[in-house]
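Student: I have a structure open and would like to go through how its parts pack. Can we take it piece by piece?

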Amino acid sequence: MSIPHPRVVFKRAAVAMALAVCAGAPARAHVSEGGLVLLLPTDIYIAAGVAVVAATVALLALLPARAVAALFRPRRLRPGRGSRARRMVTNWAAFAVLAALVWSGLAGPRDPLANLLPLVVWTVWWIMLVALQGLAGDLWSRIDPWRGPVAVARRLSGPPPLRLPARLGHAPAIAILLCFVGFLLADPAPTDPARLAVIVALYWLSSFAALVLFGARWRYRGEAVGVLMRSYGRLGVMRHGRVGLTGWQLAAGRVPPAGLALFMLLMLGSGSFDGLNETFWWFARMGWNPLEFPGRSAVIGQTLAGLAVANLVLVAGFALAVRAGLWLAGGGRFRRAFRALAPSVLPIALGYHLAHYLTSFLVDGQYVLVALNDPLATGADLLGMGETYVTTGFFNTPASVRMIWLSQAGAVVLGHVLAVLLAHAIALRELRDPRRAALSQAPLAAMMVLYTLFSLWLLASPRGI
């Protein structure tokens, strides 16, 4: 493949990153395992890293408290006429689609790239819908596949008969999230249609039973998919007829409970380990030659252990940065500061989600369309696409490759910039003193810079799977 001279790429990347930073604009499932991977050039991630450092220092040193507050002040639009009946229709439609997908997983083709279930779960939901939730706002409540059936069950059975113990907090959602990520990263065949169909059906049934038994408390503290989607949804620019900079809902929102704060940190830590788990560096730590790797079944224990350690390191580092910041600021309540600042990592998590899965989406999104055209591989032509072939030609031209690289680096950089802004806005809200707020954010900002450089290094590292 013809690639421009590194100096040319470097200069263009530096200019693009600088413009993105100065503009201050808002900015984590694998179907095709072993697919094409574009490695971010070292020149680009160095340029992006320099831009991150410069933007962080400038934002903390130059922006006055009023400017930060104004950035996250939403504007009121004409409120849309929401309809509970309309939402119930879309919830039931989502349930019907999910049921059809499960049936497709069991009765459809065995190829994960031809069966709609793995394509929809890992490409449409995990890549696209999560990204849209984080960018636009709450879409999940409109397509939640539990709300319709649960509403009918409650009418028939009455109020929830059991009370979820308050001492559990968000522990059920945290446990389910870690199990989900463990399945995604360590299971030998997470895209096998029949296997995935059984798991999706069991999760829906168990969550349905819990929602009927425990009511809304399970929805907000136990049902991990909903907790994850709502957490990302709070990043969105729109909510209840108001629109603002990404993260404005978190800047103005209440301090989350300790369990939800930990859940948000695990979203970032698990997403980062998803990238680290593919690198040659990680293969070397496990003692495997990537060219001789026998498959996931040989490293299940090591993958799960790595996932646990990665999350522990992130949580410990975040806690240390928060405590150091309070020391610099002259004191404060650590538990409240930890809870209040945890949502500030969500822009970084979303930025890495967009960057990490961009190339997968560009390819697997085409497979989704092909599968929709012929869902049961019977020769149907439901969309009138005819005989369509998936293309990866955009990986072979310098212009398109450069655009992909810049989009990946830009998503990570802008996610970091928004995280710094959001953390500073939260600190101002909690401490009500610009000087103390700035001092309290210095260690956390340093951690965010290092974490962003780490994310960019992940994009630039050779991968084995």
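What follows is a talk about the core, some helix pairs and a few single residues.

Student: Before we start, what sort of model is this?
Tutor: This is a predicted model.

Student: OK, the core then. Which residues touch the most other members of the largest nonpolar core?
Tutor: Leu228, Phe263 and Phe318 do, in a core of 115 residues.

Student: And which helix gives the most to this core?
Tutor: Helix α18, residues 398–431, which contributes 15 residues.

Student: What does Leu228 touch?
Tutor: Setting aside residues up to four places away in sequence, Leu228 touches Trp126, Val130, Leu177, Phe263 and Met267. Phe263 is itself among the three residues that touch the most other core members.

Student: Trp126 and Val130 belong to a helix pair, I think. How do α5 and α11 cross?
Tutor: The axes of α5 (residues 116–136) and α11 (residues 224–233) come within 7 Å, and the crossing angle is roughly 45°. That angle makes α5 oblique to α11. The crossing is right-handed.

Student: Which residues make the contact there?
Tutor: From α5, Trp125, Trp126, Leu129, Val130, Gln133 and Gly134. From α11, Val225, Leu228, Met229, Arg230, Tyr232 and Gly233. Leu228 thus appears in this contact as well as among the core residues that touch the most other members.

Student: Now Phe318. Buried or exposed?
Tutor: Phe318 is in helix α15. With a relative accessible area of 0%, Phe318 is buried, as the limit for that is under 20%.

Student: What does Phe318 touch further along the chain?
Tutor: Not counting residues up to four places away in sequence, Phe318 touches Leu265, Phe338, Leu341, Ala342, Val345, Leu444 and Met447. For Ala342 the C-alpha to C-alpha distance is 8.3 Å, across 24 residues of sequence.

Student: Leu265 is in α13, right? How do α13 and α15 pack?
Tutor: Helix α13 (residues 258–276) and helix α15 (residues 300–328) pack at about 130°, with their axes 9 Å apart. They are therefore oblique to each other. Their crossing is right-handed.

Student: Which residues of each helix make that contact?
Tutor: On the α13 side they are Leu262, Leu265, Leu266, Leu268, Gly269, Ser270 and Phe273. On the α15 side they are Thr303, Gly306, Leu307, Ala310, Asn311, Leu314, Val315 and Phe318.

Student: Back to α18. What does the side chain of Gln408 reach?
Tutor: It reaches the backbone oxygen of Ala355 at 3.0 Å. Gln408 is found in α18 and, at 2% relative accessibility, counts as buried.

Student: How do α18 and α19 run relative to each other?
Tutor: The axes of α18 and α19 come within 9 Å and cross at roughly 160°. The two helices are therefore roughly antiparallel, the cut-off being over 145 degrees. α18 passes α19 in a right-handed crossing.

Student: What is in the loop between α18 and α19?
Tutor: Arg432 is one of the residues in that loop. Arg432 has a positive phi of about 55° although it is not a glycine. Its relative accessible area is 72%, so Arg432 is exposed.

Student: And Ala446, where is that?
Tutor: Ala446 is in helix α19, residues 434–460. At 39% relative accessibility, Ala446 counts as partly exposed. Its C-alpha atom is 8.5 Å from that of Ala321, with the two positions 125 residues apart along the chain.

Student: Different topic. Which residues of α7 are buried?
Tutor: In α7, residues 147–157, Gly148, Pro149, Val150 and Ala153 are buried. What covers them includes α4 (84–107), α9 (193–214) and α10. Just after α7, Gly158 takes a positive phi of about 90°.

Student: Last one, in α10. Is Trp218 buried or exposed?
Tutor: Trp218, in helix α10 (residues 216–221), counts as buried at 13% relative accessibility. Leaving aside neighbours within four places in sequence, Trp218 is in contact with Leu164, Pro172, Ile176, Ser207, Ala210, Leu211 and Glu223. The C-alpha atoms of Trp218 and Ala173 are separated by 8.7 Å, and the two residues are 45 apart along the chain.

Definitions and conventions. Residues numbered from 1 in each chain as written. Predicted model: local features only at pLDDT ≥ 70, side-chain atom pairs only at ≥ 80, totals over all residues. Heavy atoms only, no water. Core = buried A, V, L, I, M, F, W, Y, C linked by side-chain atoms within 4.5 Å. Buried < 20%, exposed > 50% of the residue type's maximum accessible area, 1.4 Å probe, protein only. Helix = DSSP H or I, 4+ residues; strand = E, 2+ residues; numbered from the N terminus. Contact = heavy atoms within 4.5 Å. Polar contact = N/O pair within 3.5 Å; in protein donor to acceptor, adjacent residues only side chain to side chain. Axes fitted to C-alpha atoms, helices over the stretch in contact; angles between N-to-C directions. Parallel < 35°, antiparallel > 145°, perpendicular 65-115°, else oblique. Left-handed = near helix turned anticlockwise from the far one by under 90°.
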